[in-house]
Amino acid sequence: QVQLVESGGGLVQAGGSLRLSCAASRSIGTMGWYRQAPGKTRELVAKVIVSGSTNYADSVKGRFTISRDSAKNTVYLQMNGLKPEDTALYYCYAVYVGLTYWGQGTQVTVSS
């Protein structure tokens with residue numbers, strides 16, 4: 001079992017920044033973030049694997065940065081240059097022993 005605790009969402013004006021955090025209850029190889037906007041399907045935002053390699057959605061490249069602190073079993077998503085279209089519920093996820101675990105979600109709202 002893996003528990004994920006997210007924090008850091010909120011309301012910000014366009015062009016602003018937020019940092020999301022996700023703390024796992026144990027060491028995890030692959031962690032990342034998905035988001036889901038109203039009426040849209042959930043999409044992968046960014047992920048980091050055990051080697052440290054990262055992947056990003058094209059829509060966030062150059063604006064978002066995912067990083068991890070392995071000592072704290074925590075992954076971060078630094079979001080800069082936020083746009084109204086980034087408004088969504090952001091979910092942390094982790095893959096452990098072939099299973100995917102999800103956080104409770106944290107709301108990010110970007111006003112224009």
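Which residue forms a salt bridge with Asp58? I began my entries with this pair, working throughout on a predicted model, and found that the partner of Asp58 is Lys61, with 3.1 Å between the closest N and O atoms. I then checked the surroundings of the two residues and noted that Asp58 and Lys61 are both exposed.

**Salt bridges**

I counted the salt bridges in the structure and arrived at four. I looked up Asp86 next, and found that Asp86 meets Arg35 in a salt bridge whose closest N and O atoms are 2.9 Å apart. Since Asp86 sits in the loop between E8 and E9 while Arg35 belongs to strand E4, I recorded that this pair ties together parts of the chain 51 residues apart in sequence.

I also found a salt bridge between the side chains of Asp86 and Arg63, at 2.7 Å from N to O. Here too distant parts of the chain are linked, as Arg63 lies in the loop between strand E6 (54-56) and E7, and Asp86, 23 residues away, in the loop between E8 and E9.

Are these residues buried or exposed, taking Arg63 and Asp86 to begin with? I noted both Arg63 and Asp86 as buried. The cut-off for buried is under 20% relative accessible area, and Asp86 has a value of 1%, so I entered Asp86 as buried. Arg35, at 6% relative accessibility, I likewise entered as buried. Following the contacts onward, I arrived at a network of salt bridges that links Arg35, Glu43, Arg63 and Asp86.

**The four-stranded sheet**

I turned to the strands and traced an open sheet of four, in the order E1-E3-E8-E7, with antiparallel pairing. At its edges I found strand E1 (4-7) and strand E7 (64-69), each of which pairs on one side only. From one strand to the next, I noted an average twist of 15 degrees.

I then looked at one pairing within this sheet, that of E7 with strand E8 (residues 74-79), and listed six bridges in the antiparallel sense. As a point of reference for the register, I wrote down that Asp69 stands opposite Thr74 in E8.

**Partners of strand E9**

Which strand do seven bridges join to strand E9 (residues 88-96)? I identified it as strand E4 (residues 30-36), running antiparallel to E9, and I noted Leu89 in E9 as the bridge partner of Gln36. Leu89 has a further partner, Gln107, in E11; the pairing of E9 with strand E11 (residues 106-111) is antiparallel and has three bridges.

I also followed E9 to strand E10 (residues 99-102), to which four bridges join it in an antiparallel arrangement, with Val95 standing opposite Thr100 in E10. I entered E9 and E10 as a hairpin with two residues between the strands, and marked Val97 in the turn for its positive phi of about 50 degrees.

**Pro38**

My last entry concerns Pro38, which I located in the loop between E4 and strand E5 (43-48). The cut-off for exposed is over 50% relative accessible area, and Pro38 reaches 76%, so I entered Pro38 as exposed. I also looked up the separation of Pro38 from Ala88, and noted that these residues are 50 positions apart in sequence, with their C-alpha atoms 7.2 Å apart in space.

Note on methods:
Residues numbered from 1 in each chain as written. Predicted model: local features only at pLDDT ≥ 70, side-chain atom pairs only at ≥ 80, totals over all residues. Heavy atoms only, no water. Pairing = 2+ DSSP bridges. Axes fitted to C-alpha atoms, helices over the stretch in contact; angles between N-to-C directions. Buried < 20%, exposed > 50% of the residue type's maximum accessible area, 1.4 Å probe, protein only.
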